[in-house]
Amino acid sequence: MTDPIDPGGERMRMQGKSVLITGAAQGQGRNHAVAMARAGADIIAVDTCRQLDIVTYRMGTEEALADTARMVEAAGRRVHAARVDVRDRHGLEDAIAAGVKRIGGLDIVIANASICTVQPHYEVTDEIWQTTLDVNLTGVWNTCAASIPHLDATGGGNIVITGSTASTVGLPFYTPYVASKHALVGLCRSLALELSQRNIRVNMINPTGVDTPQGHSQVLPDLLSGRPDLAPIFVNSLPVERIEVSDVTHALMYLASDDARYVTGIVLPVDAGSTIR
């Protein structure tokens, strides 16, 4: 079995780059952080480090964020870890400024933090709706807005937003999540246009279900048992139920690397063919 945090080979060098990653305590965020560190980058790792009431799967903790930081340091790179909620614009600004001061500059931003709930539409409460949009959409906006001045100060850079197949197609029982992820496509493309003259690229990566705590719903199978006609929507074309975090990381490493220096405003699916069905 290959290393799940393989940075993708010599062509994905990140030597001397400074990278901000939100949602870095576990899952995709941790994998991205450690892979980039192994490829030569210094890391600003951010996570809310608390469990939200509406979220049923395990979220990141302070201990998990500290583990991510130790893994980055074990790769021989510098790290600034901060506990901050992406909904807190000022908190993000302070954390990013402190990280930039410690590791010097900012070149790459990975707006990765998100949450997901699964329920029929009539069980979507005001709290579920608003919290999902606040984290998944406003949180990405806050991350971008707080980072752009630092990217500007280094003469450019790039932003990669974590989307989902839910950014492209409707998914039943995921209505707030789908709404928030669809909106990110417009955010990505609009920022890519505005920031192009400042040499800042903005792209998005849309994975299918990933083998992380968020990617394993305990509720969905029961809901689909009552609506078997909807089950095929969740089936990938390639013969895999879920992809691995490393599959997302490898694609993200390309978008964040200088190999993609003329790639901006794209939505890259890593979805095992789920959205072509």
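Where is the place of Thr165?

**View 1. Thr165 sits in the loop between S5 and H5.** This is a predicted model, so keep that in mind for every view here. Thr165 is buried, with a relative accessible area of 9%. Skipping neighbours within four places in sequence, its contacts are Leu171, Asn206, Pro207, Thr208, Asp271, Ser274 and Thr275. Then there's Val270: 105 residues separate Thr165 from Val270 in sequence, yet C-alpha to C-alpha the two are 8.5 Å apart in space.

**View 2. Tyr174 and Phe234 make a tilted ring pair.** The chain has two aromatic pairs by the rule used here. In the one shown, the ring centres of Tyr174 and Phe234 are 5.9 Å apart and the planes meet at 40°, so the pair counts as tilted. Tyr174 comes from the loop between strand S5 (157-162) and helix H5 (175-195), while Phe234 comes from the loop between helix H6 (220-226) and helix H7 (245-256), so the pair ties together parts that are 60 residues apart in sequence. Is Tyr174 buried or exposed? Tyr174 is buried, at a relative accessible area of 11%. Phe234, on the other hand, is partly exposed, with a relative accessible area of 25%. Add Tyr177 to the picture and you have one aromatic cluster, formed by Tyr174, Tyr177 and Phe234.

**View 3. His80 is placed in strand S3 (residues 79-83).** With a relative accessible area of 14%, His80 is buried. Which residues does His80 touch, not counting those up to four places away in sequence? The list runs Ile43, Ile44, Ala45, Ala95, Ala98, Gly99 and Arg102.

**View 4. Cys49 has a positive phi.** Most residues other than glycine have a negative phi. Cys49 goes the other way, with phi near 55°. You'll find Cys49 in the loop between strand S2 (42-47) and helix H2 (62-74). At 7% relative accessibility, Cys49 counts as buried, since the cut-off for that is under 20%.

**View 5. Asn199 has a positive phi too.** Here phi is near 60°, again in a residue other than glycine. Asn199 belongs to the loop between H5 and strand S6 (200-207).

**View 6. Zooming out, the chain has seven helices and seven strands.** Starting from the N terminus, the elements go β-α-β-α-β-α-β-α-β-α-β-α-α-β. The radius of gyration is 18 Å, close to the 19 Å that the globule rule gives for 277 residues, so the chain is as compact as a globular protein of that length. If you're setting up a box, the C-alpha trace spans about 55 × 40 × 35 Å along its principal axes. Of the 277 residues in the chain, 55% are buried. What share of contacts between residues at least 6 apart in sequence join residues at least 24 apart? That share is 78%.

**View 7. Last stop: the surface and the charges of the chain.** The accessible surface of the chain comes to about 12300 Å², and carbon and sulfur atoms account for 51% of it. As for charge, the chain carries 23 positive and 30 negative side chains. The centres of those two sets lie 6 Å apart.

How values were computed
Residues are numbered from 1 along each chain as its sequence is written. This is a predicted model: local features need pLDDT of at least 70, side-chain atom pairs count only at pLDDT 80 or more; totals for chains, interfaces and linings use all residues. Side-chain values use heavy atoms; hydrogens and water are left out. Rings of Phe, Tyr and Trp (its six-membered ring) pair if their centres lie within 6.5 Å; planes under 30 degrees apart count as stacked, over 60 as edge-to-face and the rest as tilted. Helices (H or I, at least four residues) and strands (E, at least two) are DSSP runs, numbered from the N terminus. Buried means under 20% relative accessible area, exposed over 50%, partly exposed in between (1.4 Å probe, protein chains only). The radius of gyration is taken over C-alpha atoms; the globule rule is 2.2 Å times the number of residues to the power 0.38. Contact means heavy atoms within 4.5 Å. Accessible areas come from the Shrake-Rupley method with a 1.4 Å probe; for residues, only the protein chains shown count as cover. Lys and Arg count as positive and Asp and Glu as negative; His and the chain ends are not counted. The place of a charge is taken as NZ of Lys, CZ of Arg, CG of Asp or CD of Glu.
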